[in-house]
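Here are some short exercises to work through with the structure open beside you. Try each one on your own before reading its solution.

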Amino acid sequence: MSDENMQGSRIEAGGDLSRRHFLANTVVAGAGLALGTLSLAACSNDREAATHRGGARTAEGNRTMTTRRLGQLEVSEFGAGAMSISANYGPPADRAQGIRVLREAHERGVTFFDTAEVYGPYTSEDLVGEALAPVRDGVRIASKFGLVSHATGKPGVTDSDPANIRAAVEGSLRRLRTDRIDLYYQHRVDPKVPVEEVAGTVQDLIREGKVLHFGLSEASAATIRRAHAVQPVTAVQTEYSLMERGVERNGVLAACEELGIGFVPWGPVGMGYLTGRMDARTRLDPNTDLRAGFDRFTPANLNANMPIVEALRGFAGKKNAAPAAVALAWLLAQKPWIVPIPGTRNTAHLNENLGGAVLQLTPEDLGELENTISRLTVHGGRMNVMQMQMVDRAA
């Protein structure tokens with residue numbers, strides 16, 4: 001979902017009013033401050049047992065990108081989040097640069113690309129469509145509906161009325177230059193529309209061949225179960241990282257494991273924070289960067305959370321790896337059906353991300369990380385109050 005390796009945009013004059021409106025309304029995630037635990041040795045073994053070799057060679061040239069399964073959908077073990085190229089983590093990148101980064105990711109073995117109609121709005125899908133058109137049959141494209149009202153043209157509000165979903169998919173197909181969307185997520189649960197009705201509408205789109213798989217974003221365990229009973233859910237997308245581990249405690253990961261659903265962490269390196277490129281001096285432009293309104297990105301909390309970055313940086317140094325690579329390798333080690341989607345508009349940062357695919361963390365490594373990080377406190381909630389109100393917490 002995000003450009004995980006960006007340092008953060010500096011405050012600039014002016015700003016795009018439509019983007020500012022989106023920043024006031026868009027949503028990115030769930031909650032959780034305390035750090036939890038998983039069965040580390042078992043997770044590491046699971047990764048080795050369940051991944052499959054395939055794809056292009058990575059930077060080191062002697063390993064290939066492995067594949068994983070999200071439900072019945074096979075994808076590269078890392079995806080590429082495209083949001084930040086076009087919106088929400090600073091001014092949009094140059095279009096040609098964005099296309100180069102996405103194509104480079106594909107050349108390096110990434111086959112799973114994530115976008116949404118609300119990113120921009122619309123500009124991210126258009127960029128992804130152009131970038132991947134030459135290789136469309138060799139990639140899997142995920143997009144999202146439900147945060148743009150096509151009746152009013154208003155972005156940043158939940159609308160999963162069946163007519164709105166149908167309007168959304170037609171626009172997404174056109175912008176993505178394709179006849180099908182491989183994985184179509186409900187971007188946020190709409191309290192006005194029963195999720196069974198949403199699942200039924202997507203099921204109709206699957207029968208029509210316009211959508212191949214159904215996903216949910218920021219849904220509770222109870223909502224996941226209700227939707228899955230109507231139309232099998234292929235993947236659930238929620239924020240998850242070394243410093244944001246709410247899904248370990250709220251039943252979402254457990255529901256995915258029980259039901260055979262894949263899990264796609266967005267924000268896998270703390271929305272850029274775990275790269276080590278941000279500190280108390282970082283200033284984010286509220287006109288173009290949605291993180292500017294998040295508790296965790298105030299100067300005070302950027303500073304208060306530095307012990308987490310320092311711990312990660314110290315571990316990464318011992319592995320001769322970038323902090324981002326360690327954070328991503330840690331996620332891969334948790335479960336074999338987890339596929340992170342780090343995003344970047346920068347090829348150097350792409351190299352750091354892909355380093356996580358070749359960094360094999362042993363059970364001892366995972367235990368060391370757990371022992372160190374779990375002792376530290378995460379300061380600040382990850383979103384503002386209004387945005388958190390749009391995260392599904394159905395019991």
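The exercises below go from the whole chain to a helix, a loop residue and the cavities.

**Exercise 1.** For this predicted model, find how many helices and strands the protein chain has, and what share of its residues is buried.

Solution. Start with the secondary structure: the protein chain comes to 15 helices and twelve strands. Next, take burial: of the 395 residues, 61% are buried. Finally, turn to the contacts with a separation of 6 or more: residues 24 or more positions apart account for 79% of them.

**Exercise 2.** Check whether the span of helix H6 agrees with its number of residues, then describe its surroundings and its two ends.

Solution. Step one is the length. H6 covers residues 162-175, which is 14 residues, and at 1.5 Å a residue it should span 20 Å. Its end C-alpha atoms are 20 Å apart, so the two values agree.

Step two is burial. The buried residues of H6 are Asn164, Ile165, Ala168, Val169, Gly171, Ser172, Leu173 and Arg175. Their cover includes helices H5 (123-132) and H7 (195-207), together with strands S6 (140-145), S7 (148-149) and S9 (183-186).

Step three is the ends. At the start of H6, the backbone nitrogen of Ala163 has a side-chain oxygen of Asp161 within 3.0 Å. Just after H6, Arg177 takes a positive phi of about 55°.

**Exercise 3.** Decide whether Asp190 is buried or exposed, and find which residues it touches.

Solution. First locate Asp190: it lies in the loop between S9 and H7. Its relative accessibility is 2%; buried means under 20%, so Asp190 counts as buried. Now look for its partners. Leaving aside residues up to four places away in sequence, Asp190 touches Thr158, Asp159, Ser160 and Asp161. For Ser160 there is a further detail: the side chain of Asp190 reaches its backbone nitrogen at 2.8 Å.

**Exercise 4.** Work out how many cavities of 30 Å³ or more there are, and what lines the largest cavity.

Solution. Rolling a probe the size of a water molecule over the atoms shows where empty space is left. The count comes to three cavities of 30 Å³ or more, and the largest has a volume of about 70 Å³. Of the 13 residues lining the largest cavity, Gly79, Ala80, Pro342, Thr344 and Leu350 are the closest to its centre. Strand S4 (80-81), helix H4 (95-107) and helix H13 (347-354) each supply at least two lining residues. To finish, sort the lining by type: nine residues are nonpolar, four are polar and none is charged.

Notes: Residues are numbered from 1 along each chain as its sequence is written. This is a predicted model: local features need pLDDT of at least 70, side-chain atom pairs count only at pLDDT 80 or more; totals for chains, interfaces and linings use all residues. Side-chain values use heavy atoms; hydrogens and water are left out. Helices (H or I, at least four residues) and strands (E, at least two) are DSSP runs, numbered from the N terminus. The expected span of a helix is 1.5 Å times one less than its number of residues. Buried means under 20% relative accessible area, exposed over 50%, partly exposed in between (1.4 Å probe, protein chains only). Contact means heavy atoms within 4.5 Å. A polar contact is a pair of N or O atoms within 3.5 Å; within protein, one must be able to donate a hydrogen and the other to accept it, and residues adjacent in sequence count only if both atoms are side-chain atoms. On a 1 Å grid over the protein atoms alone, a cavity is a set of points where a 1.4 Å probe fits but cannot get out, and a pocket is an open set with protein on both sides within 12 Å along at least five of seven lines; lining residues have an atom within 4 Å of a point. Grid points are joined across faces, edges and corners, and a volume is the space filled by probe spheres set on the points. Ala, Val, Leu, Ile, Met, Phe, Trp, Tyr, Cys and Pro count as nonpolar, Asp, Glu, Lys and Arg as charged, and the others, Gly among them, as polar.
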